[in-house]
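Visitor: Hi! I have a structure open and would like to talk it through with someone. Shall we take a look together?

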Amino acid sequence: MITITKTNELVEFCQSVKGTPFVTVDTEFMRESTYWPQLCLVQVAGPDDAVAIDALAPGIDLAPLFDLMDAPETLKVFHAARQDVEIFYHLMGHIPAPLFDTQVAAMVCGFGDQVGYENLIAKLTKARVDKSSRFTDWSRRPLSDKQIAYALSDVTHLRDAYRKLSKELQENGRSSWLESEMQILTSVSTYEGNPDLAYKRIKARNPKPRVAAVLKELAAWREREAQRRDMPRNRILRDDALMEIAHHAPKTANDLARTRGLGDRMANGPGGVEILKAVERGLAIPESDLPKQVKELELPSGIGPVSDLLKVFLKMICEETGVAQKLIANSSDIDHIAAFGKDAKVDAMSGWRYEMFGEAAVKLRSGEMGLAIKNKKVILLENTSGD
């Protein structure tokens, strides 16, 4: 068991694994009281060795690790990579590459929707992962041997899981499917935290354009403030308070103080001044530039039974092929296929999803195919029209 606390040790390890076909990577971080995740520990395993890199060790320089994350010849393997990649993006200024996410690969290979690490390891390697230290405060030092062993297990077991998933992807010819699904993880826009898009995080039921404009300005102010103060956004102001302010559009501190959970102190302080400025900006946006209300595409009545039939077909396809249903289509997608057939604007109408499900779903909808039960199994019947 190796814990790296010095830069020269990190240099030596990174040089030893640089150039290997892959390394498995995981991080331990804290985020309860900050906007940006606080990196505490990085676990990296090569084909033979595994180390825990103490990111909080005094004087340690993580540059050698970042060089490894950039090495084009070495695949970086994560499980449920999004938060880990966000950390590296924030520290490095760009996304590590190339990447492989075993959770996404497992969905493509038929292990269910967003399968957890513990379950995946059990299914692939029969190993039992000890999760007794999952609630560790990783910012406290020293870390115990048990905590380090727990952290390292997240990358040592991952080596075998990656090898098996990689082999299965090659054998079933679905490597290109994985590449398609990895696009979100490898897109800079996933990690930018653009304040002007922060309003999209807030669950608002299609507000009126003027309310949406004010909400957008308020959310952008809160996001910038959270980033500046490195504080969780809801500690600045909660979503429901933002929505209430957007609806009432207060013009004075006295009006603002009536917002539930805000209070006189904030309303009359610097934060209140900035909130009122954000409201003013939202109110000043010309009518022509207001956010457009998203009109729900009206679905024809009577498609319920068709949707239900297509959902049965989707489940049948996924059980036969071992692909997670979530990857192919959700309930809304199915409703649109039931309503509009090949003209439905959903992912299942293109690429590998169309080949696997969409094309046959359209034929099923049009009556060119049908479903039947044989030997207690649902089967697909072709040419049911008798042509």
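Visitor: How many residues of domain 1 are in contact with domain 3, and how many on the other side?

Guide: Keep in mind that this is a predicted model. In it, twelve residues of domain 1 touch ten residues of domain 3.

Visitor: Where do the domains begin and end?

Guide: Domain 1 covers 2–190, domain 2 covers 195–284 and domain 3 covers 303–382.

Visitor: And what separates the centres of domain 1 and domain 3?

Guide: Taken over C-alpha atoms, the centres of domain 1 and domain 3 are 36 Å apart.

Visitor: How much area do domain 1 and domain 3 bury between them?

Guide: About 890 Å², with 58% of that on carbon and sulfur atoms. On the domain 1 side, M107, W177 and E181 supply 52% of the area buried against domain 3, more than any other three residues.

Visitor: Nice. How many salt bridges and polar contacts are there between domain 1 and domain 3?

Guide: The salt bridge count there is one. For polar contacts, four residue pairs turn up across the interface, both residues being at pLDDT 80 or more.

Visitor: Which elements give two or more residues to the domain 1 side?

Guide: Those are α4 (102–108) and α7 (175–181). Helix α7 gives the most, with three residues.

Visitor: And how do the residues on that side divide into nonpolar, polar and charged?

Guide: On the side of domain 1 that touches domain 3, five are nonpolar, four are polar and three are charged.

Visitor: Back to charges. Which side chains does the E181 salt bridge involve?

Guide: E181 pairs with R353, at 2.2 Å from N to O. As a general point, side chains of opposite charge can pair when their charged atoms come close.

Visitor: Tell me about R353, then. Is R353 buried or exposed?

Guide: R353 has a relative accessible area of 10%, so R353 counts as buried. R353 sits in helix α17, residues 351–366.

Visitor: What else does the R353 side chain reach?

Guide: The backbone oxygen of L327, at 2.6 Å. Leaving out residues up to four places away in sequence, R353 touches S180, E181, L327, I328, D347, A348 and G358.

Visitor: Now the whole protein: what does the salt bridge count come to?

Guide: The count comes to 13. One of the pairs is R141 with D54, whose closest N and O atoms are 2.7 Å apart.

Visitor: Why does the pair of R141 and D54 tie together distant parts of the sequence?

Guide: Because R141 is in the loop between α5 (117–125) and α6 while D54 is in strand β4, the pair ties together parts that are 87 residues apart in sequence. D54 is buried, at 9% relative accessible area, whereas R141 is partly exposed, at 33%.

Visitor: What about R224 and D196, how do their side chains meet?

Guide: R224 and D196 form a salt bridge at 3.2 Å, N to O. This pair also links distant parts of the chain, with R224 in helix α8 (residues 209–229) and D196 in the loop between α7 and α8, 28 residues apart. R224 is partly exposed at 42% relative accessibility, and D196 is partly exposed at 37%.

Visitor: How far apart are D255 and R258 in their salt bridge?

Guide: Their side chains meet at 2.8 Å, N to O. D255 is partly exposed at 31% relative accessibility, while R258 is exposed, with a relative accessible area of 58%.

Visitor: Which residues do shared salt bridge partners join into one network?

Guide: E225, R228 and R229.

Visitor: Changing topic: where is D49?

Guide: D49 is in the loop between β3 (38–45) and β4 (50–54). D49 is partly exposed, at 43% relative accessibility. Not counting residues up to four places away in sequence, D49 touches F13, V44 and R159.

Visitor: And how far is D49 from S16?

Guide: They are 33 residues apart in sequence and 9.2 Å apart in space, C-alpha to C-alpha.

Visitor: Last one: is S153 buried or exposed?

Guide: S153 is buried, with a relative accessible area of 12%. S153 lies in helix α6, residues 145–172. Apart from neighbours within four places in sequence, S153 is in contact with Y117 and V129.

Note on methods: Residues numbered from 1 in each chain as written. Predicted model: local features only at pLDDT ≥ 70, side-chain atom pairs only at ≥ 80, totals over all residues. Heavy atoms only, no water. Domains from an automatic or database assignment. Contact = heavy atoms within 4.5 Å. Buried area = accessible area lost by both parts, 1.4 Å probe. Salt bridge = Lys/Arg side-chain N within 4 Å of Asp/Glu carboxyl O. Polar contact = N/O pair within 3.5 Å; in protein donor to acceptor, adjacent residues only side chain to side chain. Helix = DSSP H or I, 4+ residues; strand = E, 2+ residues; numbered from the N terminus. Nonpolar A, V, L, I, M, F, W, Y, C, P; charged D, E, K, R; others polar. Buried < 20%, exposed > 50% of the residue type's maximum accessible area, 1.4 Å probe, protein only.
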